[in-house]
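Please open the structure in a viewer and keep the sequence beside it. The tour below proceeds by selections, and each stop states what is to be found there.

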Amino acid sequence: MQALAPYKLSHPANPVGGVIFSSPHSGSAYPPELLDRSRLNALELRTSEDAFVDRLFESSPSFGAPLLAATWPRAWVDLNRAPTELDPALIRDVRARGLNQRVAAGLGVVPRIVAEGREIYTGKLSLEEAQDRIRLAHAPFHACLEALIAAAVDRCGMALLFDCHSMPRDALRAAPRIGGRRPEIVLGDRFGASASREIAGAVQTAFESEGFLVARNAPFAGGYITQRYGRPARSVHAIQIEIDRGLYLDSRRIAPLPEFDTLSGRLSRVISRLVGLVPDLGALAAE
């Protein structure tokens, strides 16, 4: 596994503005060790994956914004969890540290389950193995993300991170209705803690301009990545984007639907608007 890079960074030839896109759950390079040890088959393991989200946002470098995408899958190590979120029900020699609902549900940094609560393993993992996954995948991904944010702030005076995900249609049962319909996009800014109201409103408008039905913070308000990096008072804004999988994915086969390309085109137009939200101060000064 060490020969495989833990992420793919698609960097624009000419960066524009201070926008960054990340896709931490779209990794699909399943380690043989995981496939050999899991009680689940390869298709079942993929049910926790945000399949093809990296492809939906692959146009971002053409508009001047980098795209950081996971290589290894969420079922191996979850990049949208804190490295300390270790599950004592899965990992030996780990003690519970208070109540953490994600860990208790089996969704720690090294997950115990995939979708529909299906257990990945028949036994426990060693603490050393869990720490190796964090060292080899989680730490490099976040080091790269930190560097991208710092570069954006240096260049533009601010950074705007979009953390990109997909959500199963069933999860939208709890979402607020928009004109009697379920939302297609859910934007999470941790109820204003990870991005300013003005930025969040502009992002919502960008999606709505392409006809998307958009909800904010329900049923998803943002995870570890938005919590860790969103610091509006320090000019770093982070917003989680959740896309209804039913718009583009055959979830039974984990394969794109015929509508995939149409959705990708609509999102490309949104991305072009999002990149324009954080102008490049250096470029403006030169005009």
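## First stop: a long-helix residue and its partner

Select Asp 132, which has its place in helix H5. The model on the screen is a predicted one. Is Asp 132 buried, partly exposed or exposed? Asp 132 counts as partly exposed, because its relative accessibility is 28%.

Next, add Arg 135 to the selection. The side chains of Asp 132 and Arg 135 meet in a salt bridge, with 3.2 Å from N to O. Side chains of opposite charge can pair when their charged atoms come close. Both Asp 132 and Arg 135 belong to helix H5, which covers residues 127-156. They stand 3 residues apart, about one turn of the helix. Arg 135 is partly exposed as well, at 48% relative accessibility.

Before leaving Asp 132, select Ala 200 too and draw a line between the two C-alpha atoms. The separation in space is 36 Å, while in sequence Asp 132 and Ala 200 are 68 residues apart.

## Second stop: further salt bridges

How many salt bridges does the structure hold? The total is 14. Two more of them may be selected here.

Select Arg 102 together with Glu 85. These two residues form a salt bridge in which the closest N and O atoms are 3.0 Å apart. Arg 102 lies in helix H4 (residues 101-104), and Glu 85 lies in the loop between strand E3 (67-70) and H4, so the pair ties together parts that are 17 residues apart in sequence. What is the accessibility of each partner? Arg 102 is partly exposed, at 32% relative accessibility, whereas Glu 85 is buried, with a relative accessible area of 4%.

Now select Arg 253 and Asp 250. Their side chains meet in a salt bridge, with 2.9 Å from N to O. Arg 253 counts as exposed because its relative accessible area is 54%, and the cut-off for that class is over 50%. Asp 250 is buried, with a relative accessible area of 14%. Elsewhere, salt bridges that share partners join Arg 37, Glu 129 and Arg 133 into one network. Select these three residues together to view the network.

## Third stop: two cysteines

Select Cys 144 and Cys 164. How many disulfides does the structure hold? There are 0. Why is Cys 144 not bonded to Cys 164? The closest cysteine sulfur to that of Cys 144 is the one in Cys 164, and at 15 Å it is too far for a bond. A disulfide would require the sulfur atoms to be within 2.5 Å. Both cysteines can also be examined for burial: Cys 144 is buried at 10% relative accessibility, and Cys 164 is buried at 0%.

## Fourth stop: a buried serine

Select Ser 48, in the loop between helix H2 (42-45) and helix H3 (53-56). Ser 48 counts as buried because its relative accessibility is 9%, and the limit for that class is under 20%. Which residues does Ser 48 touch, leaving aside those up to four places away in sequence? The contacts are Arg 74, Ala 75, Val 114 and Ala 115. Keep Arg 74 selected for the next stop.

## Fifth stop: the pockets

Move to the largest pocket, which has a volume of about 1000 Å³. Which residues lie nearest its centre? They are Arg 74, Ser 166, Pro 168, Phe 220 and Arg 245, out of the 38 residues that line the largest pocket. Colour strand E4 (159-167) and strand E7 (236-244), since each of them supplies at least two residues of this lining. The largest share, 3 residues, comes from E4. By type, the lining of the largest pocket divides into 14 nonpolar, 12 polar and 12 charged residues.

Finally, turn to the second largest pocket, where about 290 Å³ of space lies. Select Leu 86, Pro 88, Arg 95, Ala 96 and Arg 97, which lie nearest its centre among 18 lining residues. The lining of the second largest pocket divides into 9 nonpolar, 3 polar and 6 charged residues.

Technical notes: Residues are numbered from 1 along each chain as its sequence is written. This is a predicted model: local features need pLDDT of at least 70, side-chain atom pairs count only at pLDDT 80 or more; totals for chains, interfaces and linings use all residues. Side-chain values use heavy atoms; hydrogens and water are left out. On a 1 Å grid over the protein atoms alone, a cavity is a set of points where a 1.4 Å probe fits but cannot get out, and a pocket is an open set with protein on both sides within 12 Å along at least five of seven lines; lining residues have an atom within 4 Å of a point. Grid points are joined across faces, edges and corners, and a volume is the space filled by probe spheres set on the points. Helices (H or I, at least four residues) and strands (E, at least two) are DSSP runs, numbered from the N terminus. Ala, Val, Leu, Ile, Met, Phe, Trp, Tyr, Cys and Pro count as nonpolar, Asp, Glu, Lys and Arg as charged, and the others, Gly among them, as polar. Buried means under 20% relative accessible area, exposed over 50%, partly exposed in between (1.4 Å probe, protein chains only). Contact means heavy atoms within 4.5 Å. A salt bridge is a side-chain nitrogen of Lys or Arg within 4 Å of a carboxyl oxygen of Asp or Glu.
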